[in-house]
Amino acid sequence: MQQLMLRYPTGKVALSGVTLDIHQGQFVYLIGESGAGKSSLMKMLYGGVRPSSGQLSVQQIDMREAGEARIREIRQRTGIIFQDHKLLFARTVFENVALPLRVQGWKTERLIPRVRKVLEYVGLADRLWSYPQALSGGEQQRVAIARAMTANPSIIIADEPTGNLDIETASRVLDYLMDLNRQGATVIMATHDLHLLESHPGRVIQLHAGSLAGGDL
Amino acid sequence: MRRNSTPELIPDKVNPRLPGGFNVPPFGIQQTLAVIIVCIALWAVGAIWLGVQAASQWVGGWQDDIHIHVYLDTANASQEPELRSALEAIPQISALRKISPEEAARWMQEWLDNAGLNQKELVSRLPITFELSLNDEQSQFLFDDIRDAATRHGGAVNESEVDMAQAHQWIAQAEYLAWFASLILALAMALIISNTLRMMLLARADEIHLMRLMGAKEWFVRMPFILEGMLLGGIAGIAAWILLWPLLLGTGEWLEMLQVDLNMWVLLLPLLLGGALVGAFGALVATARVDSSEKAG
């Protein structure tokens, strides 16, 4: 991304003059105070908002010029994890995790083994038919991770995934993300939990008031 | 909700309720209510068209036998040949027959249930009568031509018979009104279905938002709602058709008396497809404004 700027219709400038490159396979922490522009930057990476000016390419796709089809393409290759999980509470764990595959047109017979494998990976094979409200916060976040990784995305965007978790659970969540990164996925994670950076090192990008603060740390 | 301590394996045969695409969501109370309301409206549409069908058959039944009578007072008897010629010149009159006074008197006696009138006196008082058979009673100026010919030669037309012969116009008007009522009811049905689906859309807003975040195509997001709308309309159509049978059976004797034989099967497809079409239209209206901030582009 080069000289990236994002101004919302309200006039608020969320990002200004951000220039950086994130290469495939990196594990990147986005840190900064609330309102620094972390979430806005991540939204731009999956086409949730378009840059107002500057250049942003995600997997060789220009996000300013990309049509709906290209944005959908990017989203199908991106796993998104939210701080509040955004799980569907009226659907089972299995259905939540199967959703990205269903969106990509996978037949039920084909997606079952994949969902099973992913849920076994996050240690929730015994909660397939549970509903999310029956799970603890950590388990819900693991379901969200399973959902994000089920379609085998090349980018995982995690917006403060450990925000509501205790240190031990947060560390476990980071373990999963690190593991996915080792398998080749680019992980971009916004966080306030700076203590995690010691146990789970990665590239750190600090934002302050919508701009890069002192470059990469 | 099942919570076992032992691992729950996914059975080989499993049918998870996955959203999107051609998967129709489960029916709830709102959908059931919508089906009931749309069914009542479709029943009304079906009843209207059954009525039109019955009226058409009834009118068609006696219209085949209808004749128009033109009367000429005996005082104007000299005009009879001219009147006959003028009437015969009208192309829509297929046959013209002069009814003898004796025949007319006999018919009148029968009509009055042999009231004991003096046959001779009756014959002397009855006018000269022509009986006209028509080959196209729907012709635009036919009755004006007959009326014109009669008045030119001192005669008169039986206007009651003219009104009866023109009953097809009433049927045409009734059909027009039936179309109008059907259209209004169709719009109301589409609105009901649209409103129901709008509630469903709001209830599933998170799901739609997530599917878009995952790169779902617009048809994939909207298709379940369109299918649901069609299904709601289709089910209501079949239910309305079934509920029309008691109406038909209840009026069976009356219809038989009028020599009307209604065909209910003719209504099955229109009600089914009409319901589905109205449902699809309602769904399109409901989903037209489904937007989220994460919509691609």
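The points below comment on a predicted model with chains A and B, taking confidence before the strands and helices.

1. On overall confidence, this is a predicted model, and its scores are an ipTM of 0.87 and a pTM of 0.72. Chain A has an average pLDDT of 88, with 98% of its residues scoring at least 70, while for chain B the mean pLDDT is 85 and 90% of the residues reach 70 or more.

2. The stretch of chain B that calls for caution is residues 1–8, over which the pLDDT is below 50, although in the model this stretch has 12 contacts beyond near neighbours in sequence. Where pLDDT is low, predicted coordinates should not be read in detail. Within chain A, the lowest confidence falls in strand β11 (residues 211–216), with a mean of 71, and the highest in strand β9 (residues 186–190), at 94.

3. Turning to the strands of chain A, an open sheet is formed by 3 strands in the order β2-β1-β4, and their pairing is antiparallel. The edges of this sheet are β2 (13–18) and β4 (53–55) of chain A, each of which pairs on one side only. On average, and with direction ignored, neighbouring strands of the sheet are turned by 25 degrees against each other. As general background, the strands of a sheet pair through backbone hydrogen bonds, either parallel or antiparallel.

4. The register of the sheet can be followed from strand β1 (residues 2–7) of chain A, which is joined to β2(A) by 3 bridges, the two running antiparallel. Along this pairing, R7(A) stands opposite V13(A) in β2(A), and L4(A) stands opposite V18(A) in β2(A). The hairpin of β1(A) and β2(A) has 5 residues between the strands, and in this hairpin G11(A) takes a positive phi near 100 degrees. With β4(A), strand β1(A) shares 2 bridges, again in an antiparallel arrangement, and here M5(A) is found opposite S53(A) in β4(A).

5. Which helix packs on the sheet, and which strands does it touch? Helix α1 (residues 38–45) of chain A packs there and touches β1 and β2 of chain A, with its direction making about 75 degrees with that of β2(A).

6. A helix pair in chain A also deserves comment, since the axes of α5 (residues 137–149) and α6 (residues 167–182) of chain A come within 10 Å and cross at roughly 10 degrees, which means that α5(A) is roughly parallel to α6(A). In this contact, G138(A), Q141(A), I145(A) and M149(A) of α5(A) meet T169(A), V173(A), Y176(A) and L180(A) of α6(A). The residues of the contact divide into 5 nonpolar, 3 polar and no charged.

7. In chain B, the axes of helix α2 (residues 80–88) and helix α5 (residues 142–152) come within 9 Å and cross at roughly 165 degrees, and α2(B) and α5(B) are therefore roughly antiparallel to each other. The crossing of α2(B) and α5(B) is right-handed.

8. Which residues of α2(B) and α5(B) meet? From α2(B) they are L83(B), A86(B) and L87(B), and from α5(B) they are I146(B), A149(B), A150(B) and R152(B). By type, the residues of this contact between α2(B) and α5(B) comprise 6 nonpolar, no polar and 1 charged.

Terms used:
Residues are numbered from 1 along each chain as its sequence is written. Chains are lettered from A and ligands numbered from 1 in the order in which they are written. This is a predicted model: local features need pLDDT of at least 70, side-chain atom pairs count only at pLDDT 80 or more; totals for chains, interfaces and linings use all residues. Two strands pair if DSSP finds at least two bridges between them. Helices (H or I, at least four residues) and strands (E, at least two) are DSSP runs, numbered from the N terminus. Axes are lines fitted to C-alpha atoms, for helices over the stretch in contact, and angles run from 0 to 180 degrees between N-to-C directions. Two residues are in contact if their C-beta atoms, placed from the backbone, lie within 7 Å. Angles under 35 degrees count as roughly parallel, over 145 as roughly antiparallel, 65 to 115 as roughly perpendicular and the rest as oblique. A crossing is left-handed if the near helix is turned anticlockwise from the far one by less than a right angle, and right-handed if clockwise. Ala, Val, Leu, Ile, Met, Phe, Trp, Tyr, Cys and Pro count as nonpolar, Asp, Glu, Lys and Arg as charged, and the others, Gly among them, as polar. pLDDT is the predictor's confidence in each residue, from 0 to 100.
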